[in-house]
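Hi everyone, thanks for coming. Let me put a structure up on the screen, and then we'll walk through it together.

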Amino acid sequence: MSVKVEYHKFDVVVVGAGGAGLNAAQVASQHVKTAVVSEVYPTRSHTISAQGGISASLGNLEEDHWHWHMFDTVKGSDYLADQDAAEYMTRRAPEMIIALEHIGLPFSRTPDGKIAQRPFGGHTAEFGKRPVKRACYAADRTGHAMLQNLYEKSVEQGTHFYSEFYALELLVNNGTVNGVLCYDIQNGEFHIFHAKAIVFATGGNCRIYQTNSNAHINTGDGLALAMRKGFSWSDAEFFQFHPTGIYGAGNLITEGVRGEGGILLNKDGERFMERYAPTIKDLAPRDIVSRSMMKEILDGRGVGPKADHILLKIDHIGIEAILEKLPGIHELSLVFAGADCTKEPIPVVPTAHYQNGGIPTGYLTQVIKGNMDGEEYVPGFFAAGECASASVHGANRLGTNSLLDLVVFGRTAGEQAAKFAQENPFVELVEDAGKEGLATLNKFANANGTNTFGPVWEELTRIMQTNVGVFRTEELMVEALEVLDKLEAKMDDFRVVDKSSVYNLDLIEALELNNMILVAKAATKAALARKESRGGHYRDDYPDRDDANFLKHTEVYLEEDGKTPRVDYRKVRMQPLTVEPFPPKARVY
């Protein structure tokens with residue numbers, strides 16, 4: 001394999017081409033020379049899968065206010081969100097929707113031509129008094145439309161694209177992030193991108209779970225690269241299990257289905273969410289609905305021969321409404337569940353969907369290093385989207401806040417990275433920059449051991465699903481860590497069969513698997529240390545929220561060996577920018 005390295009120099013380099021990456025790139029490109037490197041062609045990024053909408057208090061169908069949206073976001077996070085970031089995001093939401101409309105995003109419309117809005121889980125008016133229509137949408141293909149528009153805008157602004165480039169190492173010199181080493185999957189060549197500012201927008205990691213809604217590229221590579229350079233993963237234990245994944249497949253059925261009137265039924269035909277969330281019922285936040293569904297199943301009220309799933313009924317809203325507002329869901333349920341949702345319910349079960357935490361940042365997207373004693377910004381390093389944590393989602397993200405997150409913080413990352421690049425010179429690359437990434441790739445490219453991808457990956461995803469899933473206990477997670485340690489050892493006796501240098505996906509899978517095991521260990525270690533239940537993290541052995549001891553961000557760092565997670569903590573920012581804080585309260589709906 002060639003070891004020749006080609007060098008490139010840009011003011012700003014964005015790693016990842018989902019919604020956050022493209023929005024950062026199209027903004028930065030308006031000011032400075034900007035490049036995007038992406039493992040896949042940009043329009044194949046995972047943002048394309050987002051279905052139901054993007055939240056903003058436009059008030060097009062009924063009265064709404066950004067302060068109510070902020071309250072829902074903080075309460076939905078189980079009070080772990082940083083309230084300065086929550087205010088920043090929700091206040092900017094309406095202008096972001098208008099900006100998207102102006103670059104061509106084809107939002108669905110009301111009869112009088114306004115942007116249409118629908119209810120979603122946890123969206124309320126007057127600080128929780130009643131549901132409100134806040135989610136703007138383009139049928140059930142909102143992410144698809146958004147990604148196409150942002151890519152077109154980036155091309156128009158002259159962004160340089162390097163597609164099918166896999167990031168191997170984040171480059172740092174004396175505390176300043178100044179580049180990234182990448183592997184050209186198509187040609188088997190190495191490239192170093194030297195930059196004044198790096199923006200990570202590398203997506204999530206829910207592929208570590210057996211049942212998930214994520215694209216194959218969501219393997220936590222960005223998190224692993226950052227942790228190996230001494231940065232942390234904030235709130236690693238908080239995953240979102242979306243209530244309505246298609247049973248047996250995991251594909252997502254948008255919450256927009258319930259927003260349009262869909263209801264969940266157990267084997268007795270009971271609309272059981274009336275018992276768990278009497279006020280907003282099926283539109284409770286995702287963590288609550290997922291746990292309620294699993295409780296119905298565990299209590300013997302599941303559906304099917306194995307009593308292991310729930311039914312989502314939507315046929316009562318009529319075939320015309322389904323085909324107009326939810327055409328993609330109609331197609332998905334036909335293909336993956338064999339169910340015509342205009343006539344029969346869809347079999348569903350909770351599916352791993354979203355990584356709530358990420359690389360910690362301030363609300364202006366600068367990456368933070370910190371603990372309970374304080375924090376500091378990392379020069380040259382910015383992050384946005386699912387790989388980052390501003391933190392607006394805390395312990396549980398509200399539906400449609402993910403697209404809002406990537407639009408608001410993606411744009412902010414582009415603005416701030418460009419500003420940093422204009423105000424600062426290039427920092428020299430260290431001697432032998434990229435040697436660690438090259439060594440890792442060569443290790444697996446020349447691996448002729450015993451273990452192969454399939455069995456290791458199956459064991460990894462199985463143990464995470466069964467032991468670190470919706471319900472967790474100390475015993476289960478200790479067992480999971482033991483299994484993960486054994487899987488990590490197997491990577492030292494690994495075999496990559498394909499020895500070619502062109503489109504060697506066997507090699508890429510090995511690199512991804514190596515990262516997935518690391519992030520799975522980090523998440524499990526964080527979950528084990530948090531001895532309470534909050535948001536998406538529910539422990540049977542510690543069923544209550546414990547604000548006295550755990551109203552704080554988890555920060556997972558790696559020990560000097562580069563593979564052993566170490567759990568630390570950082571204070572939650574309780575003070576908003578201009579309004580009074582929302583103090584923690586019991587979270588009922």
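Let's start at the surface: the chain has an accessible surface of about 21000 Å², and 49% of that belongs to carbon and sulfur atoms. Please keep in mind that this is a predicted model.

Now for the overall build. The chain holds 16 helices and 20 strands, and its C-alpha atoms fill a box of roughly 65 × 50 × 50 Å along the principal axes. Is that what a compact globule would give? Let me put it another way: what radius of gyration does the chain have? The chain has 23 Å, which agrees with the value near 25 Å for a compact globule of 589 residues.

Inside, 62% of the 589 residues count as buried. If you take contacts between residues at least 6 apart in sequence, 74% of them join residues at least 24 apart.

For those of you thinking about charge, there are 60 positive and 78 negative side chains, with the centres of the two sets 2 Å apart.

My favourite part is helix α2, residues 66-76. Why is α2 described as largely enclosed by the rest of the structure? Because eleven of its eleven residues are buried. Among those buried residues you'll find W66, W68, M70 and F71, but also H67, H69, D72 and K75.

And what do the buried residues of α2 pack against? Their partners are the strands β3 (54-55), β4 (117-125) and β5 (130-136), along with the helices α3 (83-102) and α11 (401-423). Just after α2, have a look at D78, which takes a positive phi of about 60°.

Conventions. Residues numbered from 1 in each chain as written. Predicted model: local features only at pLDDT ≥ 70, side-chain atom pairs only at ≥ 80, totals over all residues. Heavy atoms only, no water. Helix = DSSP H or I, 4+ residues; strand = E, 2+ residues; numbered from the N terminus. Rg over C-alpha atoms; globule rule 2.2 N^0.38 Å. Buried < 20%, exposed > 50% of the residue type's maximum accessible area, 1.4 Å probe, protein only. Contact = heavy atoms within 4.5 Å. Areas by Shrake-Rupley, 256 points an atom, 1.4 Å probe, with all protein chains shown as cover. Lys, Arg positive; Asp, Glu negative; His and termini not counted. Charge placed at Lys NZ, Arg CZ, Asp CG, Glu CD.
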